[in-house]
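Reader: I am new to this structure and would like a close look at a single part of it. Please take me through that part step by step.

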Amino acid sequence: MIEMKKLILIEFEGGFRIGRGDESDSTLPTIHSDTIHGALVYWAFKLNPEEAENFAKSLKCSSLIFQHANDFLIPKPLILDSLSLENPKRLKNANYVYLSKLSLKNPEESALMDQPVIVTNIPRNALDRNTNKSMLYFVEVAHVKPDYVPCVILEFADTYERLLMECLRILADSGIGGDSTYGFGLFNFKVVDLPKLFEQGGKYHCTLSLSVPNVDEIERLNEGYYKVVRKRGFKKDSVQVKADLNYLMEGSTFPFPIKGRGLAKIEDYFIQTSPITVAFGGDGV
């Protein structure tokens, strides 16, 4: 088997809604790798249950990144927040950096001060069963701004390319995230080869996915820069929440290539723990 790396360019037909896990009507402004991986694996089990588990083991997904101004925006490497800078506020307020401009020598130049996604409130009506009166409430919806193209990096074995494309087509038509019946999360997509920019070398390795370190890596976490986020998901076919899990956030940065724990099975579902990473820095830059 040959490992393939593809970039999926996404065009949402409307907005998307990704739950925060707090049972509120709020949404995240991004789509994390565990949500993307879980959605693709879900459809793989529907289409080809015999191959689905091996497909899940083969597949790695990035969280949402963006193409903009002939460049790519990735989550800000957390090592940048530790640097002594003349204008530290500019960098600390940034969530994304331009990959081609990323360096430790002039990190401010890489910072994006805009936000690729805007979260808005939309009204809805609910009917009170006791009084039969309508009740107005609001839900949050995330919209990608014009000129920003959301993208996802996928790594997988070439054996499963056909199955992956079938899963992508169904996911695009069925929607990712919540409230697909309202049209949220529906998208069109284009598949291209991963640009060489993502395969550059460097001393530091920045994660583009949520990740769970393996035993050896846990002992080395203090060599890097990271934050922990606690997440839980929701089972698509039943009214059940998944187990709470602690992940290393996207942008976690280490002086070694973090591998994670591979595919993990919890109860009756699978989670991606191994991140997609990009290397940068070294030699004084």
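Author: What follows looks at the inside of the model, first at a helix and then at a cavity. The model is a predicted one.

The helix is H2, which runs over residues 49-58. Ala 52, Phe 55 and Ala 56 in H2 are buried, that is, under 20% relative accessible area. Seen down the axis of H2, these buried residues fall within an arc of 100°, so they line one face of the helix. Glu 50 and Lys 57 lie on the other side of H2 and are exposed. The buried residues of H2 have three packing partners: helix H1 (33-47), helix H4 (161-174) and strand E15 (263-266).

Helices H1 and H4 come up again at the cavity. The structure holds one cavity of 30 Å³ or more. The volume of the largest cavity is about 110 Å³. Its lining is made up of 13 residues, and the closest to the centre are Ile 10, Ile 36, Val 152, Ile 176 and Phe 187.

Which elements each supply at least two residues of this lining? They are strand E1 (3-12), H1, strand E9 (149-157) and H4. E1 gives the most, with three residues. By class, the lining of the largest cavity has 13 nonpolar residues, with no polar and no charged ones.

Taken together, H1 and H4 pack against the buried residues of H2, and each also supplies at least two residues of the cavity lining.

Notes
Residues numbered from 1 in each chain as written. Predicted model: local features only at pLDDT ≥ 70, side-chain atom pairs only at ≥ 80, totals over all residues. Heavy atoms only, no water. Buried < 20%, exposed > 50% of the residue type's maximum accessible area, 1.4 Å probe, protein only. Helix = DSSP H or I, 4+ residues; strand = E, 2+ residues; numbered from the N terminus. Arc of directions from axis to C-beta. Contact = heavy atoms within 4.5 Å. 1 Å grid on protein atoms, 1.4 Å probe; cavity = no way out; pocket = protein on both sides within 12 Å on 5 of 7 lines; lining within 4 Å. Points joined across faces, edges and corners; volume = space filled by probe spheres on them. Nonpolar A, V, L, I, M, F, W, Y, C, P; charged D, E, K, R; others polar.
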